[in-house]
Protein chains: 2
Amino acid sequence: MLPPAILAEFAALLGTERARTDADTLALYAQDETPGRCTPEAVLFPSSHEQVAGCVRLALKHKLPITPRGAGSGNVGGAQPTPGSVVLSFECMNRIVEFDPANRLIVVEPGVVTQDIDRLARTAGLMYAPDPGSGAYSRIGGNLAMNAAGPRAVKYGVTRDHVLGLRAVAGDGRELRTGGRTSKYATGYDLTRLLIGSEGTLALITEATLKLMPAPERTVSLRVCYASDTAACAAVQRIMQQPVVPSALEFMDRRSIEAITEYGVSVEANVMRSGRSQFGAAEGLAPGTEAVLMVEADGPAEDIPRQIAALENALRGDGLLELQTGFTPAEIQNLWTARKSLSHAVKKIAPLKINEDVVVPVSRLAELVAAIDAMGTLHRLPIVSFGHAGNGNLHVNLMVHPDDEDEMARAETCLRELVETVLRLGGTLSGEHGIGTKKRQFLPLEIEPDTLTLMRELRRVFDPQGILNPGKKLPD
Amino acid sequence: MLPPAILAEFAALLGTERARTDADTLALYAQDETPGRCTPEAVLFPSSHEQVAGCVRLALKHKLPITPRGAGSGNVGGAQPTPGSVVLSFECMNRIVEFDPANRLIVVEPGVVTQDIDRLARTAGLMYAPDPGSGAYSRIGGNLAMNAAGPRAVKYGVTRDHVLGLRAVAGDGRELRTGGRTSKYATGYDLTRLLIGSEGTLALITEATLKLMPAPERTVSLRVCYASDTAACAAVQRIMQQPVVPSALEFMDRRSIEAITEYGVSVEANVMRSGRSQFGAAEGLAPGTEAVLMVEADGPAEDIPRQIAALENALRGDGLLELQTGFTPAEIQNLWTARKSLSHAVKKIAPLKINEDVVVPVSRLAELVAAIDAMGTLHRLPIVSFGHAGNGNLHVNLMVHPDDEDEMARAETCLRELVETVLRLGGTLSGEHGIGTKKRQFLPLEIEPDTLTLMRELRRVFDPQGILNPGKKLPD
């Protein structure tokens, strides 16, 4: 716990209520969605750019590491406190600074909930395209820190592609403005994208100017059942080789379907209470279904039939069991609620989820899925795989019992094999979750030594004392 | 000229024919498209990544600045030799390393001509979206260095948005690999985009993995005449406030039209020789035309009528004189040849073109155009403005006689007023040409001192001796 004299300095800056060391607050902020806890020395709730800058200066003065935090919904330990650190939560910086539909942009503070940005944009016929699974509660600051994405990324790109400029405080206390307000910018170095995905290790983002785009008039969903993973992956490849780019192309393996089916009960219960459709996401699947694709098309209403025809054509092939469309809006919402609940639902399989977020080129997805299947059998581990197949981005979940030493050792071996397989297939460690504490040991397998050293040197330019989120992103 | 002993070292690395100091070669590489010349000490033509790395090491050993060069088609002096420097031309690194349509990517060396990438992509139903006006001769390495764009950027984004990964040699000789081959990447810091637009001041790009996308089935062009700049700018704003995003939205003021009309003669002569349509780009304009918009829509053939209807609806308004469509492919090619020739054609107005590349939010475009008009009158200068109106990106050309001291002084004053106006309107100095030698004096007006200092520090991480393209991008 922070010595009272230092706490008093933070309290003088932020107000007593916004510089907390009470046991309840410390306990609440001791973890994010990642397994593992570490009690911070204090939790700070700045409410402005200037207060963030002040916090960084005080932290420098007292050599206190800062763990930045949005909603704490990350699952690589990005917001997990480092020993001896103070958590700096952006929850109180949740203002929409400016909404400018005429220029298709919005200026937000980092504590704004991601989905609220999209909701506001829709009131002017626009949308904020990135839609992480956690969008209903994650904060935009965390999305920027991790370069979050989601199902729509296959058509619209990731967080990085939707940012015009940033305001930030570097780890040495310098206040920065990057980029601008225009849709083209070739002026300074691209610090905007250097900060996006840097996981709070370079600077704390205090304001973001985001790009908005016209919202599609209509969205249609397909649910497609296949007799095998191979058949589903072949369909994914066919989809990504014809010109109609779907607005979502999600893959779920058999274990995902089972997890959804369990979870589906509670979804359905909710639905029944609200008097809406009883259609559950994994209900009524064709017998023999081993893999499901959820596919979406969006665009002008007149153009949807053409898109659906092209997508259906590509989805048809060996192993197709059933192709369903014509869902009601309530049914579609159920499908997505269930899909987005998967990240939590799988935890019913075993108490600990070792969650990977690997990406391979789309043409190698079938190989990856087959390799994962073989690894699960070899190492006797239940592995649940689902994710954004159109980007080749798979969430691979090794379900384990942390008290079972033998199982944990097998998981460790399996994890390393998975990483090596992904890299052999031309892929990358993370598509949207980032590296945090959980994957940084593997970074040297992907990034060449000189490039990695240069990244460390860049970090020192922003944060020479290493006070911003130490122990994250880069290996020591 | 390089001392013979040092030249011999470069010749040993590259071959005698690829390390040149003959007068003809030095003269050829003494300038790019920007006014001004400086004879380099030598011109090097490496043919591989390894040879580039070798050149950088030799340059470090002999403390020789390197001026990297693609086609030399830039117009901010980016490839203009610094005194005492050797030019490193990427012309001989022009191989397509890999074309992988199944994963919608292509791996190229920096000397490949931009348009050739798109042409190859089209053979598989794909396209490389960025289309700079210089695309028929510019090299992709230069496009990456400057973050080039073009008319299609309004719908598809700029070079930065179409790159998956890079291979490069830093200014300290370290060999780097950034990004990857997948459409999502949240692993290391985003060095890819830090290098894009860094104008060869951080590292020399030796290979790029570019993103391809489905080529639109059909493209349709509109030519729209307005009675005033204000009327045309209002139409631009209406277009960018309805959901159909055009694939091009180009503005030309009266002086641009005049320049095209002159140039149009030679285009037409060519066309007549080839027996094709005689339709010139600025011919047959409605009487009283003071501004022209060229608008394109692309997409599936079935969807084009809907798009055109929406665009036409937005284009209609006060001051509309004529809206033409239904052009033949040959006519469309003429329109674009003429539009893309503008950059050269304006030189007929006066011998020297001071070429700005400013951007403002679309809602402020009319104000900018009006301000430029007033500045031209006040400072008695012909100013030609045209550009990518959908992005708020205007090429503002001050046409001057370099021997007329008074005129040059007025141009200087006018330029500074232009920059101040752009920044006051929330804009930026450069949308796609970059900064080079020509605009770096204005950088401190846009970028805050701490942010600019940090950019200089980043440069030192990559290039501690400052041998890569010194005197470009950042002010001293």
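In this predicted model, the contact draws 77 residues from chain A and 77 residues from chain B. Together the two chains bury about 6400 Å², with 57% of that area on carbon and sulfur atoms. A:Lys184, A:Thr187 and A:Tyr189 account for 15% of the area that chain A buries against chain B, more than any other three residues.

**Symmetry.** A rotation of 180 degrees, with 0.0 Å of shift along its axis, superposes chain A on chain B at an RMSD of 0.0 Å. The two copies are thus related as by a two-fold rotation axis. Of the interface residues of chain A, 100% are also interface residues in chain B, so the copies meet through the same surface.

**Polar links.** The rule finds eight salt bridges across the interface of chain A and chain B. One of them joins A:Asp190 to B:Arg160, with the closest N and O atoms 3.1 Å apart. Polar contact across this interface involves 36 residue pairs, both residues at pLDDT 80 or more.

**Elements and composition.** Several elements of chain A each supply at least two residues of the side that touches chain B, among them strand 9 (175–179), helix 7 (191–195) and helix 8 (229–239). Helix 14 (443–446) and helix 15 (449–462) do so too. Helix 15 of chain A gives the largest share of that side, 10 residues. The table splits the side of chain A that touches chain B by class.

| Class, side of chain A touching chain B | Count |
|---|---|
| Nonpolar | 32 residues |
| Polar | 24 residues |
| Charged | 21 residues |

Terms used: Residues numbered from 1 in each chain as written. Chains lettered and ligands numbered in written order. Predicted model: local features only at pLDDT ≥ 70, side-chain atom pairs only at ≥ 80, totals over all residues. Heavy atoms only, no water. Contact = heavy atoms within 4.5 Å. Buried area = accessible area lost by both parts, 1.4 Å probe. Salt bridge = Lys/Arg side-chain N within 4 Å of Asp/Glu carboxyl O. Polar contact = N/O pair within 3.5 Å; in protein donor to acceptor, adjacent residues only side chain to side chain. Helix = DSSP H or I, 4+ residues; strand = E, 2+ residues; numbered from the N terminus. Nonpolar A, V, L, I, M, F, W, Y, C, P; charged D, E, K, R; others polar. Least-squares fit on C-alpha atoms with pLDDT ≥ 70 in both.
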